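The following exercises are to be worked with the sequence and the coordinates at hand. Each task is followed by a solution in steps.

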Amino acid sequence: MRREKRTACLPYRVPLTKACRGYWLPTHGNGDQWTDMEEKTVDILKYTAVELAEKIKAKEVTVKEAVEAVFARIEAKEESLHCYVTLDKEGAFQRAEEVQKKIDAGELTGRLAGVPVAIKDNMCTEGMLTTCSSKILGNFLPTFSAEAVRNLEKAGAVILGKTNMDEFAMGSTTETSAYGVTRNPWNTEHVPGGSSGGSAAAVAGEECYFALGSDTGGSIRQPAGYCGVVGMKPTYGTVSRYGLIAYGSSLDQIGPLCKDVTDCAAILEAISTHDPKDSTSISREDTDFTKALVEDVRGMRIGIPRDYFGEGLDSEVREAVLAAAETLKEKGAVVEEFDLSLVEYAIPTYYTIAAAEASSNLERFDGIKYGYRTESFEGLHNMYKKTRSEGFGPEVKRRIMLGSFVLSSGYYDAYYLKALKVKALIKKAFDDAFAKYNVILGPVAPTTAPRLGESLSDPMKMYLGDIYTISINLAGLPGICLPCGKDSRGLPIGLQLIGDCFQEKKLIQTAYTYECARGKFGVPDAENRGKAVQKTEESEGR
Amino acid sequence: MAKQYETVIGLEVHVELATKTKIFCGCSTAFGAEPNAHTCPVCTGMPGSLPVLNKQVVEYAMAVGIAANCEITRVCKFDRKNYFYPDNPQNYQISQLYLPICRNGYVEIETADGKKRVGIHEIHMEEDAGKLIHDEWEDCTLVDYNRSGVPLIEIVSEPDMRSAEEVIAYLEKLRLIIQYLGASDCKLQEGSMRADVNLSVREVGAEKFGTRTEMKNLNSFRAIARAIEGEKERQIELLESGQAVVQETRRWDDAKEESYAMRSKEDAQDYRYFPDPDLVPVHISEEWIERVKKAQPEFRDEKMARYKQEFDLPDYDIDILTGTKHMADLFEQTVALCGQPKKVSNWLMVETMRLLKEQEMEPEDIRFSPENLAKLIGLVESRAINGTVAKEVFEKIFDEDIDPEQYVEENGLKTVNDEGALRKTVEDIIASNPQSVEDYRNGKEKAIGFLVGQTMKAMKGKADPGMVNKLLKELL
Amino acid sequence: MANIISDETIEYVGILAKLELSGEEKEQAKKDMGSMLDYIDKLSELDTDGVEPMSHVFPVENVFREDIVTNGDEREAVLKNAPGEKDGMFAVPRTFD
């Protein structure tokens with residue numbers, strides 16, 4: 001019964017490949033073990049990624065135990081949250097064994113060795129389904145892994161599976177997925193944000209220790225804010241895009257979603273490498289981000305753009321964000337308000353550029369080399385049209401149409417070229433701001449997580465929700481989001497810190513200092529967690 | 001009186017560059033592999049793959065641009081040309097529209113009215129498409145991406161040509177420049193050089209250009225010449241009958257000697273070019289240009305002048321010897337080894353050309369080494385072999401590039417210069433041909449020729465004919 | 001200034017993008033594209049004369065590969081996901097008339 005119900009969550013017509021085999025098979029046939037393990041499981045899940053790796057290194061926890069704990073949690077929560085599109089239980093346990101051996105042999109000593117991780121489903125994972133939450137890639141098995149994924153594997157992380165997302169990362173709620181919506185662990189009536197909603201919800205719901213997301217216009221930071229976790233978009237070019245299925249190539253960047261700033265620094269350190277396979281990858285020497293985990297903001301100049309606190313900003317969000325600024329001020333930072341300018345132009349600029357690039361990037365999905373091909377067709381062009389019309393969802397089609405239009409003959413100069421010029425002005429506005437400030441502070445989104453279904457009805461409104469995040473992508477800057485409070489409904493509020501290019505360390509230092517002052521943010525259902533595990537075990541009928 | 005028309009022609013020439021790898025990935029460009037054996041995620045448009053530019057492509061493009069008197073664009077960029085077709089795995093081709101690597105050049109051609117400049121509008125770098133094969137059995141098309149991503153340069157001329165002869169002269173000139181640079185072998189038949197012809201007609205004296213068409217699928221100089229004639233006539237006929245020429249792309253069918261429009265409702269011809277965000281700009285410094293300039297080879301015109309002066313060869317020979325870079329290299333390398341320019345030229349002009357013609361080969365296809373030709377010349381010079389044997393040995397060199405010294409040794413082809421052995425044979429021949437001896441003695445000079453021939457035959461051609469002659473006269 | 005998207009435009013963009021929209025989808029697309037373009041038209045308020053269009057945010061240039069063969073025969077991997085395959089090639093609807 002249970003298994004059948006689960007199958008419905010699997011991607012469209014997915015063959016039962018190795019990658020998803022064993023999806024819902026219990027690890028152990030013997031239920032008694034769960035009871036014995038219950039206490040330990042709860043403890044294990046509490047750890048951050050870096051803490052877990054330390055416990056593993058100290059032989060207090062094995063990699064297998066960590067993976068078991070996570071899968072127990074997944075079995076308990078996944079039905080209500082639906083964070084994952086694909087799970088690879090068999091692969092994860094196999095990998096856990098290999099990693100454990102290497103740790104025991106002293107070959108793996110890093111800060112993430114043995115830590116279970118979830119990967120957003122737009123990053124290629126060799127032999128594991130990679131769908132971009134789209135029907136058109138419903139059966140796609142990559143033949144290579146994304147560079148960021150490979151870097152995590154080198155660091156000894158254990159991949160659990162692929163997280164749900166807005167189709168091709170186009171959306172802000174994870175509701176445009178072809179494989180069902182993901183729900184916010186803090187309140188399942190609300191969205192987790194997007195497009196990396198599955199990754200954010202998996203971290204908040206403790207269905208993984210950390211996750212990778214991608215951020216084209218706020219897709220890491222906004223869901224991190226909605227789900228009360230830490231999310232960071234690094235400077236463009238810091239993490240290789242090789243193996244990331246492109247949406248807006250000049251804006252896309254991979255980054256971590258995790259439990260705290262320490263994890264964030266450790267993960268970023270592991271995935272930031274210069275990759276000769278990505279021409280836009282930048283060779284940096286300052287990727288020792290964990291060195292920036294310093295509790296000190298004395299003299300740090302923090303600017304608060306007045307433009308980020310205008311009309312449309314929820315008052316509870318405003319208060320929480322300004323309170324966080326006050327906390328940093330108390331810690332010695334110099335905080336002042338300023339006018340950033342051009343903020344209202346960022347959204348039209350972004351949607352022009354992103355849609356144009358997307359329309360071209362998504363041309364390769366044509367039913368010839370991989371992915372979905374329509375059943376019946378008359379001739380080549382009809383095959384193209386039917387395959388793409390059936391394979392893409394409405395939001396993706398909307399953006400492809402817009403992007404094709406703004407690039408078409410007669411409109412290129414008026415729309416696309418104009419947007420590239422405004423992009424230059426926006427970059428200049430940030431350059432001016434960073435001449436005065438080390439860090440820009442503001443909200444990550446105008447509100448906390450909206451209710452399910454609320455945003456999709458009005459795409460324009462959904463696009464407007466990206467106002468605080470997208471200009472950072474246009475300017476290639478790093479941004480971090482961390483929780484700074486909850487609204488009256490108990491939904492997390494996200495604080496966004498923006499740095500000048502290559503100044504991730506300043507962001508990490510500021511975020512870390514704030515986090516120390518704030519204290520533990522907590523998890524959605526801490527008090528019910530033990531029961532949940534127990535319930536799963538009972539429901540298995542053992 | 002009938003109107004007089006002038007044909008206005010511009011060319012778009014695609015040249016496959018002679019790099020070892022593709023333009024954006026490390027796949028081999030070698031011919032003859034199994035379908036899709038030279039492919040990878042990049043050149044098959046796999047999701048998540050990214051292009052990285054092959055530096056040698058930029059070097060070759062610059063070298064051609066410099067040789068064609070172009071301005072080199074200091075910061076050039078790549079753009080995406082978007083169109084759906086199965087040979088184009090990403091459904092966009094990476095090319096250059098806004099900032100091509102070379103602009104504003106020219107080459108000089110010889111015409112009936114003397115020298116003429118053909119302007120080069122631009123040269124840009126781009127990737128080739130895959131190959132489509134029609135499968136009759138299943139009535140479908142099969143796609144092989146081995147050629148997908150092979151680097152091309154597209155050389156776009158100004159509409160400066162007025163006849164098929166000028167077009168051929170221009171193509172020959174480009175081919176020589178590019179071959180001399182080693183940037184491509186420029187074989188039309190194999191598709192490493194392809195020309196699309198843009199043609200319009202206008203009344204003589206008219207200032208405005210007529211509406212042009214673009215002709216594709218031209219695989220030989222002959223096809224180009226015929227297509228130009230055909231298209232010129234088609235357009236004139238249209239105009240004469242009061243119809244308009246439609247701006248369109250046409251495909252030449254050389255077998256039928258006619259062209260047809262490549263039109264489709266699905267073919268909007270709106271390529272939505274925009275800068276490729278996956279590739280960064282190429283910044284070409286003054287030093288880089290200087291370096292490429294310094295590495296430019298001696299081109300044909302300079303070479304011809306030098307051959308005349310240095311080797312004192314006839315113009316006709318020089319023309320053939322410098323007609324391809326390969327031939328010129330072979331000539332110079334062999335001369336360097338043996339120091340006999342006239343002899344080397346002779347072997348290349350006579351025997352080599354004969355064999356090429358017999359075997360229907362192009363000079364580029366010559367595979368023998370200068371070392372072996374030099375050795376052969378040495379053998380003849382030292383009279384170790386005679387002319388007849390030398391020709392035989394040369395055929396072996398031409399076909400298999402054998403070492404002539406070793407070959408002569410192993411097959412016992414050395415000329416017999418031992419007078420004793422030869423004298424014995426000559427005596428036998430005199431003894432067994434009394435009639436000829438008689439004739440000779442009676443003043444029939446010609447009879448000695450027969451006796452020489454018989455002696456050579458008996459010696460299996462290995463005797464020195466001069467010595468045979470001398471001995472015969474002596475003994476008779 | 002409202003952008004009115006005509007049926008012809010939607011049809012034309014559909015050909016470019018290889019998307020076939022149903023009647024209902026077309027109406028929706030006309031509306032959506034119109035309102036997006038109205039919004040994008042806001043950019044015309046800004047004076048961008050003399051501003052260099054910025055396609056790359058950072059001045060990274062001259063990223064090259066050396067001309068060395070690094071890839072072997074990856075045929076099997078390349079064809080692994082193909083919806084249609086024959087004789088080591090991708091099979092597609094006929095392209096020739």
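Two strands are taken to pair if DSSP finds at least two bridges between them. The model is a predicted one.

**Exercise 1. Strand pairing in the three-strand sheet**

Task: Establish the strand order of the open sheet of three strands in chain B, and find the bridge partner of B:Arg80 in β16(B).

Solution:
- Step 1. The order is β6-β5-β16 (chain B), and the pairing is antiparallel.
- Step 2. The edges are taken by β6 (92-95) and β16 (274-275) of chain B; each has a single partner strand, so one side of each is left without a neighbour in the sheet.
- Step 3. Two bridges connect strand β5 (residues 79-82) of chain B with β16(B), in the antiparallel sense.
- Step 4. Within β16(B), B:Phe274 is the bridge partner of B:Arg80.
- Step 5. In general, strands of a sheet pair through backbone hydrogen bonds, either parallel or antiparallel.

**Exercise 2. The nine-strand sheet and its helices**

Task: Determine which strands stand at the edges of the open sheet of nine strands in chain B, and which strands α1(B) lies across.

Solution:
- Step 1. The strand order reads β3-β7-β8-β11-β1-β12-β13-β14-β15 (chain B), with mixed pairing.
- Step 2. β3 (71-72) and β15 (258-261) of chain B are the edge strands; each has a single partner strand, so one side of each lacks a neighbour in the sheet.
- Step 3. At the β3(B) edge, two bridges pair β3(B) with strand β7 (residues 102-111) of chain B in the antiparallel sense. Here B:Ile72 stands opposite B:Cys102 in β7(B).
- Step 4. α1(B) lies across β3, β7, β8 (114-127) and β11 (151-157) of chain B, and runs at about 165° to β8(B).
- Step 5. Helix α3 (residues 221-240) of chain B also packs on the sheet, where it touches β1 (5-16), β12 (193-203), β13 (213-216), β14 (249-253) and β15 of chain B. The direction of α3(B) makes about 30° with that of β12(B).

**Exercise 3. The overall form of chain B**

Task: Compare the radius of gyration of chain B with that of a compact globule of 476 residues, and set the result beside the domain assignment.

Solution:
- Step 1. Chain B contains 15 helices and 17 strands.
- Step 2. A compact globule of 476 residues would have a radius of gyration near 23 Å, whereas the value for chain B is 30 Å.
- Step 3. The C-alpha trace of chain B spans about 90 × 65 × 55 Å along its principal axes.
- Step 4. The assignment gives domain 1 (5-289), domain 2 (298-410) and domain 3 (419-475) of chain B. Between the C-alpha centres of domain 1 and domain 3 of chain B there are 66 Å.
- Step 5. Of the 476 residues in chain B, 43% are buried.
- Step 6. Among contacts in chain B with a separation of 6 or more, 69% are between residues 24 or more positions apart.

**Exercise 4. The side of chain B that touches chain C**

Task: Identify the element that gives the most residues to the side of chain B that touches chain C, and describe how β10(B) is joined to β3(C).

Solution:
- Step 1. The contact involves 42 residues of chain B and 34 residues of chain C.
- Step 2. Two or more residues each come from β2 (53-54), α1 (55-67), β9 (131-135), β10 (140-144) and β17 (282-283) of chain B.
- Step 3. β10(B) gives the most, with five residues.
- Step 4. By class, this side of chain B divides into 20 nonpolar, twelve polar and ten charged residues.
- Step 5. β10(B) and strand β3 (residues 89-93) of chain C run antiparallel and are joined by four bridges. B:Val143 stands opposite C:Phe90 in β3(C).

**Exercise 5. A loop residue of chain A**

Task: Decide whether A:Thr448 is buried or exposed.

Solution:
- Step 1. A:Thr448 lies in the loop between β9 (439-443) and α15 (459-464) of chain A.
- Step 2. The cut-off for a buried residue is 20 or more other C-beta atoms within 10 Å.
- Step 3. A:Thr448 has 28 other C-beta atoms within 10 Å and is therefore buried.
- Step 4. Beyond its neighbours within four places in sequence, A:Thr448 has contacts that include A:Tyr226, A:Asp314 and A:Leu491.

Note on methods. Residues numbered from 1 in each chain as written. Chains lettered and ligands numbered in written order. Predicted model: local features only at pLDDT ≥ 70, side-chain atom pairs only at ≥ 80, totals over all residues. Rg over C-alpha atoms; globule rule 2.2 N^0.38 Å. Buried ≥ 20, exposed ≤ 12 C-beta atoms within 10 Å, placed from the backbone. Contact = placed C-beta atoms within 7 Å. Domains from an automatic or database assignment. Nonpolar A, V, L, I, M, F, W, Y, C, P; charged D, E, K, R; others polar. Axes fitted to C-alpha atoms, helices over the stretch in contact; angles between N-to-C directions.
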